Amino acid sequence: MAVRGALRLHASAVGGVLSRQNIKAAAVPVNTCLVQLRQSNGVLVQRMYLSAAAQTKPSPAVTEKVEEVATTTTKQNIEVQAKDSKPKTSPLSILRKDDYHRPDLAHFRAGAGKTDDVEKHVKDDGTVGLYTMPHPIWTQEEVNSVKINHTPPQTFVDKLAYRSVRFMRWNFDLFSGFKFGKRTERKWLQRIIFLETVAGVPGMVAAMTRHLHSLRRLRRDYGWIHTLLEEAENERMHLMTALQLRQPSVAFRLWVLFAQGTFVTLFSAAYLVSPKFCHRFVGYLEEEAVKTYTKCLEDFDSGRLPLWNEMEAPPLAKRYWNLGPDAMMRDVILAIRADEAHHRLVNHTLSEMDQDAPNPFQPGK
């Protein structure tokens, strides 16, 4: 039929009588042929598929395994959907739980970064502070008996260290604005966070320097490294506790980066030249820290810090200093001040000792 239609179309074209009716009449058999050919091909493919499926039919064990995998995948999909359907917990709702410390959220979240960043640092999952070195656990009598005292400088090195600390203290109070205006919880947190990022440097630098000296000279260290590392970690835990209450801004972090880079460089060079100067310097630095935290306690007692007066101690502080379940923020400041007084004693003592003398301070004492 297709051939006959084509011949008819050719004859019409040759005869010069090609018309619309002739084209339609000739195309009908061709279209019919194409449809039939398409249907026959579909039937042929279907038969081939069924034949192959019959020849490669899986065994019952394979079928059972496939069904098991499909069931497991379905369960996993259901679990994922259920997990995604749960309402996400924000950092603020985390702090409303009984297991977490709850400060005045509007005040302490000012200047916070992204939500994920806040949640990462503020959320306490119970593991922060567990992996720490031995450190003193203070009694109530010990934390309340800390006094402001001063070791008078005797030598040129002592005087240089003391004047350096006083110069740094005066400039920091001036440019940080601590001397001006009302001292609020916000201002105290900014000061504590910044100072603790610097205070954790000397112990680590001194311990690293003595460690490398011991390796290079093939000689023992006489126990100094452990005490210095303990001091560095203790200062870092002060910082971690403060970060439970507030996350610094980007500008604040840049200042910390600049201060740490500068101080690490200068202190490392100074420790290579004169370890006695560095330990005396840290001793005077800790004297100023005791003054700072004593002033903070005075602000507690005078009613200048109403939010902290009613604030429970962060769980991290309770674990690290072994505080009672009803410990308050004032108890945290008392423990930090006791730590600073201990560092004051340690560094003044090390400054007066020979560098190869045995360390008189036992671990955690």
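This passage goes through model confidence, aromatic pairs and salt bridges in a predicted model.

Confidence first. The average pLDDT of the chain is 77, and 64% of the residues reach at least 70. One weak spot is the stretch of residues 1–7, where the pLDDT is below 50 and the model shows two contacts beyond near neighbours in sequence. Residues 52–58 also have a pLDDT below 50, with one contact beyond near neighbours in sequence. Where pLDDT is low, predicted coordinates are not something to read in detail.

On to the aromatic side chains. The count of aromatic pairs comes to 11. Take Phe 267 and Tyr 271: their ring centres lie 6.3 Å apart and their planes meet at 35°, so this pair is tilted, falling between the 30 and 60 degree cut-offs. Both residues belong to helix 12 (residues 250–273), and because they are four residues apart there, about one helical turn separates them. Phe 267 has a relative accessibility of 5%, so it counts as buried. Tyr 271, at 2% relative accessibility, counts as buried too. A second pair brings together Tyr 320 and Trp 321, with ring centres 4.9 Å apart and planes at 85°, so it is classed as edge-to-face. Tyr 320 and Trp 321 are both buried.

Phe 267 and Tyr 271 turn up again in a wider grouping: ring pairs tie them together with Phe 263, Phe 277 and Phe 281 in a cluster. Elsewhere, a ring meets a charge. The charged end of Arg 191 sits over the ring of Phe 178, at 4.1 Å from the ring centre.

That leads to the charged side chains, where the count of salt bridges comes to 13. In one of them, Arg 304 pairs with Asp 299, and the closest N and O atoms are 3.2 Å apart. The two ends of this bridge sit in contrasting settings: Arg 304 is partly exposed, with a relative accessible area of 41%, while Asp 299 is buried, with a relative accessible area of 2%.

Another salt bridge joins the side chains of Arg 330 and Asp 301, with an N to O distance of 3.1 Å. This one links distant parts of the chain, since Arg 330 lies in helix 16 (residues 329–351) and Asp 301 in helix 13 (residues 275–301), 29 residues apart. Arg 330 has a relative accessible area of 28%, so it is partly exposed. Asp 301 comes out as exposed because its relative accessible area is 56%, over the 50% cut-off.

Lys 318 and Glu 312 make up a further salt bridge, their closest N and O atoms lying 2.2 Å apart. Here the basic partner is the buried one: Lys 318 has a relative accessible area of 17%, under the 20% cut-off. Glu 312, on the other hand, is partly exposed at 38% relative accessibility.

Some salt bridges also share partners. Arg 166, Arg 169, Asp 173, Arg 191, Glu 288 and Lys 291 are joined in this way into one network. Arg 191 is thus a member of this network and also the residue whose charged end sits over the ring of Phe 178.

Technical notes: Residues numbered from 1 in each chain as written. Predicted model: local features only at pLDDT ≥ 70, side-chain atom pairs only at ≥ 80, totals over all residues. Heavy atoms only, no water. pLDDT = per-residue confidence, 0-100. Contact = heavy atoms within 4.5 Å. Phe/Tyr/Trp six-rings, centres within 6.5 Å; stacked < 30°, edge-to-face > 60°. Helix = DSSP H or I, 4+ residues; strand = E, 2+ residues; numbered from the N terminus. Buried < 20%, exposed > 50% of the residue type's maximum accessible area, 1.4 Å probe, protein only. Lys NZ or Arg CZ within 6 Å of the ring centre and 35° of its normal. Salt bridge = Lys/Arg side-chain N within 4 Å of Asp/Glu carboxyl O.
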